[in-house]
Amino acid sequence: MGLSDMSNNKDFLLKNAIEVGADTKVTLGTISSSDIDLATGNYFADTLIANTTYTISNAGDVQSFQLEVTGASTYTITWPSSIEWAGGVAPSAPAVGETDVFTFSTDDGGTSYVGVKTADNLS
């Protein structure tokens with residue numbers, strides 16, 4: 001196929017090297033008063049010390065982040081209503097001594113998130 005044929009079948013020519021899937025730097029963020037502040041990082045860890053209602057702030061350009069939660073008693077988690085879960089049901093808090101990891105993604109600057117429990121019972 002010659003270059004003149006490319007306009008008809010929507011192929012394209014790359015002139016310079018491109019990079020796909022560049023390394024992602026994991027930055028440990030902080031949680032203060034149950035607020036996940038995305039301005040501080042993209043990986044968060046929390047050990048439940050009471051029933052917890054999480055909030056998410058400062059999404060900015062952050063498109064996804066992870067939250068590692070360790071259970072310390074029979075505490076509950078209340079998730080922000082902006083998080084959509086598979087089947088519409090939010091997962092429960094990890095049991096005592098277990099650690100679960102949750103991954104959240106947004107494509108609208110933090111107005112809404114898709115939440116997925118990505119690891120269960122890391123003990």
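# Strands, core and salt bridges

User: What is the bridge partner of D35 in β5?

Analyst: In this predicted model, D35 has T55 as its bridge partner in β5.

User: What makes strand β2 and β5 a pair?

Analyst: Two strands count as paired when there are at least two bridges between them. Strand β2 (residues 35-37) is joined to β5 by three bridges, so the requirement of at least two is met. The two strands run parallel.

User: Why are β1 and β5 called edge strands?

Analyst: The sheet is an open one of three strands, in the order β1-β2-β5, with mixed pairing. Both β1 (31-32) and β5 pair on one side only, and that makes them the edge strands.

User: How do you know that β6 pairs with β3 and with β9, and in which sense does each pair run?

Analyst: The count needed is at least two bridges. Strand β3 (residues 43-47) and β6 share five bridges in the parallel sense, and A45 stands opposite E68 in β6. Between β6 and β9 there are seven bridges, in the antiparallel sense. One of the residues involved is V69, whose bridge partner in β9 is D100. Five and seven bridges are each at least two, so both pairs qualify.

User: Which strands pair with β10, and what makes them pairs?

Analyst: Strand β9 (residues 99-105) is joined to β10 by five bridges and runs antiparallel to it; F102 has K117 as its bridge partner in β10. Strand β8 (residues 83-85) pairs with β10 (residues 113-119) in the parallel sense over three bridges, with I83 opposite Y113. Each pair has at least two bridges, so each is called paired.

User: Which residues have the most contacts inside the largest nonpolar core, and where does that core come from?

Analyst: The largest nonpolar core has 17 residues, and Y54, L67, W79 and F104 have the most contacts inside it. Two or more residues are given to this core by β6 (64-70), β8 and β9. The largest share, three residues, comes from β6. In soluble globular proteins, nonpolar side chains tend to be buried together.

User: What is W79 in contact with, away from its neighbours in sequence?

Analyst: With neighbours within four places in sequence left aside, W79 is in contact with Y54, L67, W85, A90, P91, F102 and F104. A contact here requires heavy atoms within 4.5 Å.

User: Why is D100 called buried?

Analyst: Buried means under 20% relative accessible area. D100 has 1% relative accessibility, so it counts as buried. D100 lies in strand β9. Apart from neighbours within four places in sequence, the residues in contact with D100 include L67, S92, P94, K117 and N121.

User: What makes the approach of D100 to N121 a polar contact?

Analyst: The side chain of D100 reaches the backbone nitrogen of N121 at 2.8 Å. The limit for a polar contact is 3.5 Å, and 2.8 Å falls within it.

User: Why is the pair of K117 and D100 called a salt bridge?

Analyst: The distance from the side-chain nitrogen to the carboxyl oxygen must be within 4 Å. For the side chains of K117 and D100 the N to O distance is 3.3 Å, so the pair is a salt bridge. K117 is in strand β10 and D100 in strand β9, so this pair ties together parts that are 17 residues apart in sequence. Side chains of opposite charge can pair when their charged atoms come close.

User: How many salt bridges does a search of the whole structure find, and what links them in a network?

Analyst: The search finds two salt bridges. Besides the pair with D100, K117 meets D120 at 3.1 Å, N to O. D100, K117 and D120 are thus linked in a network of salt bridges.

User: Are K117 and D120 buried, partly exposed or exposed, and how do you know?

Analyst: Exposed means over 50% relative accessible area, buried means under 20%, and partly exposed lies in between. K117 has 32%, so it counts as partly exposed. D120 has 52%, so it is exposed.

User: Why is V62 called partly exposed, and where does it lie?

Analyst: V62 has a relative accessible area of 22%, which is neither under 20% nor over 50%, so it is partly exposed. V62 lies in the loop between β5 (55-57) and β6. Leaving aside neighbours within four places in sequence, V62 is in contact with L38 and T106. V62 and G109 are 47 residues apart in sequence, and their C-alpha atoms are 7.5 Å apart in space.

Notes:
Residues numbered from 1 in each chain as written. Predicted model: local features only at pLDDT ≥ 70, side-chain atom pairs only at ≥ 80, totals over all residues. Heavy atoms only, no water. Helix = DSSP H or I, 4+ residues; strand = E, 2+ residues; numbered from the N terminus. Core = buried A, V, L, I, M, F, W, Y, C linked by side-chain atoms within 4.5 Å. Buried < 20%, exposed > 50% of the residue type's maximum accessible area, 1.4 Å probe, protein only. Polar contact = N/O pair within 3.5 Å; in protein donor to acceptor, adjacent residues only side chain to side chain.
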